[in-house]
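Visitor: I have a fresh model on my screen and some questions about it. Could you walk me through it?

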Amino acid sequence: MPTDFLAAAAGHIRFQDLGLNPVALSLGFFDIKWYSLAYITGILIGWWYLLKLLAQPGAPMGRRHADDLVFYATLGIILGGRLGYVLFYAPDMFLKPLRLIQLWEGGMSFHGGVIGTTIAIILLARRQGLNWLRIHDYVACCAPFGLFFGRLANFVNGELWGKPTDVPWAIVFHNTVPTGVPEPARHPSQLYEAGLEGLLLFAVLWFFFWRTNSRYQPGKLVGIFLLGYGLCRFFVEFFREPDQQFAGTFLANTIHMGQILCLPMIAGGIYLIATAKGRRQRVEPIAGSESVA
């Protein structure tokens, strides 16, 4: 470990001095953690924003569909996120089935959550006779809320930190690493992701929804989301420590698992954006002869 990083750590912010605690409220027999509240907050604010989007002309579904969608999407996020984590990061957990349901011990994959949510949207759309891709466009505009709060929760938990660095805003997350060596200052990569995947991506999607006719081109908004998230996550992984289970392997020294999983997202996003205009729909009003788009 570079000695200059260790020397610089003495002058940086120490995580323990921030007064952050993973537990938001302790009831004695049960702890409510910020990570759980982050999921709940992201879903509730996303639901509120989805209703704002659906109130605009040309919505792909009604309020009653949105209420059902929240239930379907929540299941997709939880089940897909958990199974995705086990499949991509900890396949050995399949040998211990009880660990699969121990969500309180952590272990969720955003990429798995995307797959789970997509399946949930398809199931709802088929059941209600709706266009699943247009619904997905609207849901994609709401996803950055969950990403933002989720990454803040990662920071509060003091997990998924970045690589050693001597930049002024570096943080010393722990006094020592498992080997007993003094811990260096690190990139707060969780905050980088909150800013890029949450705030920046939301701003980009806000612009395309409210300032262009992208919502009438099925797949364009979800394509922008996939491309934007994939690029942001791929970039931040250069500043983030690889997952511990991949230490010393190809997935730590050359490319991270998170970057590999982003490649199909980037490719899929480019495809959806490039082909969106060919799927453009004309949404007819109830009265009159002019099309909305």
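Visitor: Which residue is joined to Arg-151 by a side-chain polar contact of 3.3 Å, apart from Glu-197?

Guide: Keep in mind that this is a predicted model. Arg-151 has a polar contact of 3.3 Å with the side chain of Glu-197. A polar contact, also of 3.3 Å, links the side chain of Arg-151 to that of Glu-193.

Visitor: Is Arg-151 buried or exposed?

Guide: Arg-151 sits in helix H6. The cut-off for buried is under 20% relative accessible area. Arg-151 has 9% relative accessibility, so the label is buried.

Visitor: How many residues of H6 are buried?

Guide: Helix H6 covers residues 132-156, which makes 25 residues. Arg-151, at 9%, counts as buried. H6 as a whole is mostly covered, and the number of buried residues is 19 of 25.

Visitor: What distance does H6 reach from its first C-alpha to its last?

Guide: At 1.5 Å a residue, 36 Å would be expected for H6. There is a kink in H6, at Cys-141. Even so, the reach of H6 is close to the expected value, at 35 Å.

Visitor: Where in H6 does the kink lie, and how many degrees is it?

Guide: Look for the proline in H6, Pro-144. The kink comes shortly before that proline. Its place is Cys-141, and its angle is about 35 degrees.

Visitor: Which residue caps the N-terminal end of H6?

Guide: H6 starts at residue 132. Go to the backbone nitrogen of Leu-133 and look for a side-chain oxygen 3.0 Å away. That oxygen belongs to the capping residue, Asn-131.

Visitor: And past H6, which residue other than glycine has a positive phi?

Guide: H6 is followed by Gly-158, with a positive phi near 65 degrees, but that one is a glycine. In the loop between H6 and strand E4 (171-172) there is another residue to check. Its phi is near 55 degrees, and it is Leu-160.

Visitor: Why does Leu-160 count as partly exposed?

Guide: Partly exposed is the class between the buried limit, under 20%, and the exposed limit, over 50%. Leu-160 falls in that class because its relative accessible area is 31%.

Visitor: Which residues form the nonpolar patch on the surface?

Guide: One member, Leu-27, is in the loop between strand E2 (23-26) and strand E3 (31-33). Leu-27 is partly exposed because its relative accessibility is 40%. The patch has about 460 Å² of accessible area together, and its members are Leu-25, Leu-27, Phe-29 and Phe-30.

Visitor: How many Å apart in space are Ala-73 and Thr-118?

Guide: Ala-73 is in helix H3 (residues 63-88), and with 13% relative accessibility it is buried. Thr-118 is 45 residues away in sequence. In space, C-alpha to C-alpha, the two are apart by 8.1 Å.

Visitor: What separates the C-alpha atoms of Ala-90 and Gly-107?

Guide: Ala-90 is in the loop between H3 and helix H4 (97-100). With a relative accessible area of 8%, Ala-90 is buried. Along the chain, Ala-90 and Gly-107 are 17 residues apart, and their C-alpha atoms are separated by 8.8 Å.

Visitor: To finish, how many helices and strands does the protein have?

Guide: Along the sequence, the pattern reads α-β-β-β-α-α-α-α-α-β-α-α-α-α. Of the 293 residues, 43% count as buried. The count for the protein is ten helices and four strands.

Definitions and conventions: Residues numbered from 1 in each chain as written. Predicted model: local features only at pLDDT ≥ 70, side-chain atom pairs only at ≥ 80, totals over all residues. Heavy atoms only, no water. Patch = residues over 30% accessible without salt bridge, like charges linked within 9 Å, V, L, I, M, F, W, Y side chains within 5 Å. Areas by Shrake-Rupley, 256 points an atom, 1.4 Å probe, with all protein chains shown as cover. Salt bridge = Lys/Arg side-chain N within 4 Å of Asp/Glu carboxyl O. Helix = DSSP H or I, 4+ residues; strand = E, 2+ residues; numbered from the N terminus. Buried < 20%, exposed > 50% of the residue type's maximum accessible area, 1.4 Å probe, protein only. Expected span 1.5 Å × (residues − 1). Bend = angle between axes of the 7 residues up to and from the residue. Polar contact = N/O pair within 3.5 Å; in protein donor to acceptor, adjacent residues only side chain to side chain.
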